[in-house]
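Visitor: I would like a close look at a single part of this protein, the sheet and what packs on it. Please start with the whole and then work inward.

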Amino acid sequence: MQEIKCPKCGEIFQVEESSYAAIVKQVRDKEFSKEIKNRETQFENEKQNAIQLAKLEVEKEFTEKLNQKDAEIVGLKSEISAEQAAKKVEISETIAQKDKEITELKNKLDSSDKDKELEINKVTSKMQLQLSEKDNCIEKLNSEKALTEKNCQLREQSLKDTYEEKLRFKDEEIARYKDFKAKLSTKMVGESLEQHCEIEFNHLRATGFQNAYFEKDNDAKTGSKGDYIYRDKDTEGLEFISIMFEMKNEMDTTSSKKKNEDFLKELDKDRKEKNCEYAVLVSMLEPESELYNAGIVDVSHKYPKMYVIRPQFFIPIITLLRNAAMNSLEYKKELNMIKAQNIDISNFEAEMNDFKTKFAKNYELASRKFKTAIEEIDKTIDHLQKTKEALLSSENNLRLANNKAEDLSIKRLTKNNPTMEAKFDALKLTTKKTTKKLHNNN
């Protein structure tokens, strides 16, 4: 921006570089035309004055000579006739000489006019050359500005497309996490929950559970039965873990909605009757419950060694309890050895208590890790939601970037650009020198 001070009120105005250049050009052209006109008027006046002065001098000298001749004629009337011819010749020569002098003065004036005109033409050509260079510079800057604006628009569109793609990806990821939490990644299309769990177990039976027993509980001689029983033995045939499973699917009870607690008592009874160590309820009931959606839920405060899980934790709960039991397998072997050697039962109880303490500690750590994993999933969802909001807010930043691009001016483009600043300073200095020179000539 350039500043212009009003000569009357003293108020300072700020104008754009383009407007300022136009004003300077207009003032400069006007002053230059006025200066040329003044010079032409001045040269014409000087020419007329010189011619008039020469005429006056010739007329004065001629008048003086005529007066002198008249005096001589009065005194020498007698010589007039004899010298009349000679005087006429002398007068003619004098007139011719004066005419010659007048002609020389006119030639000098014409030569002076040509010199002045040549100087004016030279100054005009120089000014036109400077103006042409300035116009070329301005045109170049305008081209650079247009190119910069185009690049800004392309970058803006690229950023907008990138943010839209990221936003779409984040929306899909948030929807996927929400679907994961709501549906818990179960494959219930065309399958029952029992079939799903059996298929999941059979996928890993050959690799991770070679010695395991996992079959439906078909023994109803006590009046009730569970759904599946899992038992595992070591290579020597020693059973080290057993689990009673009960599967409950929300879709199987469409007439009335039930809760998980409605089945815990019966499950504990089946566990004891089938002589199983643990009881696990695999449930799709209460789908909106944050408690059961959080991970493995320990309900041993109501029924010993009982857990409620969602279907996706079916294999993890087996692995967790199996690994904990395998840690105690050595203790069981030692227990059998101690019984065979009739070792004091008190030592056995101490070892068992130690095992229970370690098992409980291991289970507590594992349970915390499962809960932590679910919490991390919730945090991820919150983080993705915040990322979405941040991307949406980027629209305002794009608008500000567009406003900055529109506010782009020649002065801002040349800011911190020594080359362009030097060119503009040189141009201003040349203009000032030319104006000053013209003023001094006046």
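What percentage of the 442 residues in the protein is buried?

Guide: The model is a predicted one. Buried residues make up 29% of the 442 residues. The protein has 10 helices and 8 strands. Its accessible surface is about 29400 Å², and carbon and sulfur atoms account for 52% of that. Among contacts with a separation of 6 or more, 66% are between residues 24 or more positions apart.

Now the sheet. It is open and consists of 6 strands, in the order β3-β4-β5-β6-β8-β7, with mixed pairing. Its edge strands are β3 (212-216) and β7 (297-298), each of which pairs on one side only. On the sheet packs helix α3 (residues 193-208), which touches β3, β4 (228-233), β5 (239-248) and β6 (278-283). The direction of α3 makes about 160 degrees with that of β3. A further helix, α4 (residues 264-273), lies across β5, β6 and β8 and runs at about 140 degrees to β6.

Take strand β5 next. Of its 10 residues, 8 are buried, so β5 is largely enclosed by the rest of the structure. On one pairing, β5 is joined to β4 by 6 bridges, and these two strands run antiparallel. One example is Tyr-230, whose bridge partner in β5 is Ile-243. The hairpin of β4 and β5 has 5 residues between the strands, and Gly-237 in this hairpin takes a positive phi near 85 degrees. On the other pairing, 6 bridges join β5 to β6, and here the strands run parallel. Glu-246 has Leu-281 in β6 as its bridge partner.

At the β7 edge, 2 bridges join β7 to β8 (residues 306-309), and the two strands run antiparallel. Asp-298 has Tyr-307 in β8 as its bridge partner.

The charged side chains around these elements are worth following as well. Side chains of opposite charge can pair when their charged atoms come close. In one such salt bridge, the side chains of Asp-217 and Lys-274 meet at 2.5 Å, N to O. This pair links distant parts of the chain, 57 residues apart: Asp-217 is in the loop between β3 and β4, and Lys-274 is in the loop between α4 and β6. Asp-217 counts as buried because its relative accessibility is 4%. Lys-274 is also buried, with a relative accessible area of 10%.

Helix α4 has a salt bridge of its own, between Lys-272 and Asp-268, with the closest N and O atoms 3.4 Å apart. These two residues are 4 residues apart in α4, so about one helical turn separates them. Lys-272 is exposed, at a relative accessible area of 54%, whereas Asp-268 is buried, at 7%. Salt bridges with shared partners join Asp-268, Arg-271 and Lys-272 into one network.

To sum up the part you asked about: the 6 strands form an open sheet with mixed pairing, helix α3 packs on the sheet, and helix α4 lies across β5, β6 and β8.

Terms used. Residues are numbered from 1 along each chain as its sequence is written. This is a predicted model: local features need pLDDT of at least 70, side-chain atom pairs count only at pLDDT 80 or more; totals for chains, interfaces and linings use all residues. Side-chain values use heavy atoms; hydrogens and water are left out. Two strands pair if DSSP finds at least two bridges between them. Contact means heavy atoms within 4.5 Å. Axes are lines fitted to C-alpha atoms, for helices over the stretch in contact, and angles run from 0 to 180 degrees between N-to-C directions. Buried means under 20% relative accessible area, exposed over 50%, partly exposed in between (1.4 Å probe, protein chains only). Accessible areas come from the Shrake-Rupley method with a 1.4 Å probe; for residues, only the protein chains shown count as cover. A salt bridge is a side-chain nitrogen of Lys or Arg within 4 Å of a carboxyl oxygen of Asp or Glu.
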